[in-house]
Amino acid sequence: MNGFVAAAPTKPQQTIENGTFWPAINTVEFTAAMRLDGTTTPERQREALVTAMVNVNRELLPWRKSQEAQGYASLGDVPYDDPVDGKSPKEHNYRRAVFCIAKANISERYRDFDATAKGDRKAASLETEIADLWRDARWSMRELQDLNHNTTVLV
């Protein structure tokens, strides 16, 4: 009798360096925080993280330049109220934005993996998760900049 065997967790890979201003991103923390299993290769996770880092860094470029103009050499140097888990809340928000975008990209690529009716239902349920990840990433970037969450669009 064949039993179900879960995919083995991916092997720890590395820390991805991120220039001088933004914090490095740890692939092991990403895998654990976003509850990824062995179905996504370490190489795919790394690619998703690098892409997310590029996107978040580009999105926050004007804010970063204004912080550097004020004399702050890194995100950890930017003033904040109270540390959370020993770090700036801004660092946590940066990490969350990168993690959410990376997971959204992975989920978008893998939702069409199963072409059965069960796979169609799974893909439909992923739509909400993907939308939530993109929203969480936007909110994290806004919080990092001390902005509120509201985004208004005139239709």
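Q: What share of the area that the protein exposes do carbon and sulfur atoms supply?
A: Accessible areas come from the Shrake-Rupley method with a 1.4 Å probe, and for residues only the protein chains shown count as cover. Overall, the protein exposes about 9900 Å². The part that carbon and sulfur atoms supply is 53%.

Q: Which pLDDT do side-chain atom pairs need to count in this predicted model?
A: Residues are numbered from 1 along each chain as its sequence is written, and side-chain values use heavy atoms, with hydrogens and water left out. The model is predicted: totals for chains, interfaces and linings use all residues, local features need pLDDT of at least 70, and side-chain atom pairs count only at pLDDT 80 or more.

Q: In what order do the elements run from the N terminus?
A: Helices (H or I, at least four residues) and strands (E, at least two) are DSSP runs, numbered from the N terminus. The protein has 5 helices and 2 strands. Read from the N terminus on, the order is β-β-α-α-α-α-α.

Q: What percentage of the contacts with a separation of 6 or more comes from residues 24 or more positions apart?
A: A contact means heavy atoms within 4.5 Å. Counting those with a separation of 6 or more, the share from residues 24 or more positions apart is 69%.

Q: Which element gives the most residues to the largest nonpolar core?
A: Such a core is a set of buried Ala, Val, Leu, Ile, Met, Phe, Trp, Tyr and Cys residues joined through side-chain atoms within 4.5 Å, where buried is under 20% relative accessible area, exposed over 50% and partly exposed in between (1.4 Å probe, protein chains only). It has 31 residues, and Trp22, Phe30, Leu49, Val56, Tyr94 and Val98 touch the most other members. Two or more residues each come from helix H2 (42–59), helix H4 (89–110) and helix H5 (117–144). With 9 residues, the one that gives the most is H4.

Q: What does Leu49 contact beyond its neighbours within four places in sequence?
A: Leu49 is one of the core residues that touch the most other members. With those sequence neighbours set aside, its partners are Ile16, Ile25, Thr27, Phe30, Val98, Phe99 and Ala102.

Q: How many charged residues are in the lining of the second largest pocket?
A: On a 1 Å grid over the protein atoms alone, a pocket is an open set of points where a 1.4 Å probe fits, with protein on both sides within 12 Å along at least five of seven lines, and lining residues have an atom within 4 Å of a point. The lining includes Ile25, Asp85, Arg95 and Phe99, and H4 gives the most to it, with 4 residues. By class (Ala, Val, Leu, Ile, Met, Phe, Trp, Tyr, Cys and Pro nonpolar; Asp, Glu, Lys and Arg charged; the others, Gly among them, polar), there are 4 nonpolar and 2 polar residues, and the charged count is 5.

Q: Is Asp85 buried or exposed?
A: Asp85 sits in the loop between helix H3 (61–69) and H4, and its phi is positive, near 55 degrees, though it is not glycine. Because its relative accessibility is 73%, Asp85 counts as exposed.

Q: Which residues does Ser140 touch, not counting those up to four places away in sequence?
A: Ser140 lies in helix H5. At 3% relative accessibility, it counts as buried. Its partners are Asn93, Arg96 and Ala97.
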